[in-house]
Amino acid sequence: MGKQYPAISADTQAFIERQHVFFVGTAAADGRVNISPKGQDTLRVLGPNRVAWLNLTGSGNETAAHLREVNRITLMWCAFEGPPNILRLYGTAAVYHPRDPEWAELLPLFPSLPGARQILVVDVDLVQTSCGMAVPFFDYMAERDELNDYMDKRGPEQVEQYWHNRNTRSIDGKPTGI
């Protein structure tokens, strides 16, 4: 039932662009494996083997820490409506911060969102689909406003202080590079 492809096709890109949530999986050589849901309008397909997403401030920063140690990543989407489908993109990633020159080039691809802390660019080496027949149907209602409201109320200086206090190390104590 599963199929593998060397690149993101037009149909695959269209599927990605219709989804409201995706999941990011990373792991360091030891410690905890991290799976993180991502929402809002934060992902762009840059080409047949490249995607980027705007990583917003969160309570942890596991993805960045893991990638510094072991550069491998999986992105996953599930069809919660329409025909069943699970899509995974496997690859490696680069993490860019506001201090990096790549940030200024990539940031215009995304909507202005408060608390944007990193942009991750994934070089995809394998695209895999699987059936998804056990994934339930869900109805999309709306994006949540809480994260954006929280970051707007704090402003850039308090957000950067939050990064310093909560996002410089992973839950396993690994540095995140922020």
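Is Met133 buried or exposed? With a relative accessibility of 58%, Met133 is exposed. This residue makes a handy way into the structure, which is a predicted model.

## Around Met133

Met133 sits in the loop that runs between strand S8 and helix H4. In space, its C-alpha is 8.8 Å from that of Ile86, although 47 residues of sequence separate Met133 and Ile86.

## The annotated domain

UniProt, in an unreviewed entry, lists residues 12-131 as "domain: Pyridoxamine 5'-phosphate oxidase N-terminal". In the model this span is 47% strand and 18% helix, and its two end C-alpha atoms lie 14 Å apart.

Thr12 and Cys131 are the residues at the two ends of that listed range. Thr12 belongs to helix H1, which covers residues 10-18. Its relative accessibility is 11%, so Thr12 counts as buried. Beyond its sequence neighbours up to four places away, Thr12 touches Leu87 and Val127. Cys131, on the other hand, comes out as partly exposed at 28%.

## The largest pocket

Now for the open space. The largest pocket holds about 1,000 Å³. Its lining is made of 36 residues, and those closest to the centre are Val21, Pro37, Lys38, Gly39 and Gln40. In chemical terms, the lining splits into 14 polar, 13 nonpolar and nine charged residues.

Which helices and strands each supply at least two residues of this lining? They are strand S3 (33-38), strand S5 (50-56), helix H2 (62-69) and helix H4 (146-167).

## Gln40 and Leu56

Gln40, one of the residues closest to the pocket centre, lies in the loop between S3 and strand S4 (43-47). What stands out in its backbone is a positive phi, near 60 degrees, in a residue that is not glycine. For context, most residues other than glycine have a negative phi. Gln40 has a relative accessible area of 19%, and because buried means under 20%, Gln40 makes the cut.

One contact partner of Gln40 is Leu56, a residue of strand S5. Leu56 is also buried, at 12% relative accessible area. Leaving out residues up to four places away in sequence, Leu56 touches Thr42, Leu113, Pro114, Gly115, Ala116, Arg117 and Leu147 as well as Gln40. Its C-alpha is 12 Å from that of Phe110, with their positions 54 residues apart along the chain.

## Helix H2 and what covers it

H2 is one of the elements in the pocket lining. How many of its eight residues are buried? Six are, so H2 is largely enclosed by the rest of the structure. The buried ones are Glu62, Thr63, Ala64, Ala65, His66 and Leu67.

Several strands take part in covering these buried residues. Among them are S2 (22-27), S3, S5, S6 (73-78), S7 (86-96) and S8 (116-130).

## Two residues in the strands

Leu75 is found in strand S6. Its relative accessibility is 0%, so Leu75 counts as buried. The list of its contacts, with neighbours within four places left aside, includes Phe22, Phe23, Val24, Leu43, Val51, Trp53, Leu87, Arg88, Leu89 and Val122. Leu87 has come up before, as a contact of Thr12. Measuring C-alpha to C-alpha, Leu75 and Gly25 are 6.4 Å apart in space while being 50 residues apart in sequence.

Thr92 lies in strand S7 and is partly exposed, with a relative accessible area of 30%. Its contacts, not counting residues up to four places away, are Asn71, Ile73, Val121, Val122 and Asp123. Val122 is also a contact of Leu75. Thr92 and Arg72 have C-alpha atoms 4.6 Å apart, with 20 residues separating them in sequence.

## Cysteines without a bridge

A disulfide is a covalent bond between the sulfur atoms of two cysteines. How many disulfides turn up in a search of the whole structure? The search finds zero.

Why is Cys78 unpaired? The closest cysteine sulfur, in Cys131, is 11 Å from the sulfur of Cys78, which is too far for a bond. Cys131 is in no disulfide either, with Cys78 supplying its nearest cysteine sulfur. As for exposure, Cys78 counts as buried at 8% relative accessibility, whereas Cys131 is partly exposed at 28%.

Note on methods
Residues are numbered from 1 along each chain as its sequence is written. This is a predicted model: local features need pLDDT of at least 70, side-chain atom pairs count only at pLDDT 80 or more; totals for chains, interfaces and linings use all residues. Side-chain values use heavy atoms; hydrogens and water are left out. On a 1 Å grid over the protein atoms alone, a cavity is a set of points where a 1.4 Å probe fits but cannot get out, and a pocket is an open set with protein on both sides within 12 Å along at least five of seven lines; lining residues have an atom within 4 Å of a point. Grid points are joined across faces, edges and corners, and a volume is the space filled by probe spheres set on the points. Helices (H or I, at least four residues) and strands (E, at least two) are DSSP runs, numbered from the N terminus. Ala, Val, Leu, Ile, Met, Phe, Trp, Tyr, Cys and Pro count as nonpolar, Asp, Glu, Lys and Arg as charged, and the others, Gly among them, as polar. Buried means under 20% relative accessible area, exposed over 50%, partly exposed in between (1.4 Å probe, protein chains only). Contact means heavy atoms within 4.5 Å. UniProt positions are given in the numbering used here, feature names are shortened, and annotations may be inferred rather than shown by experiment. A disulfide is a pair of cysteine sulfur atoms within 2.5 Å.
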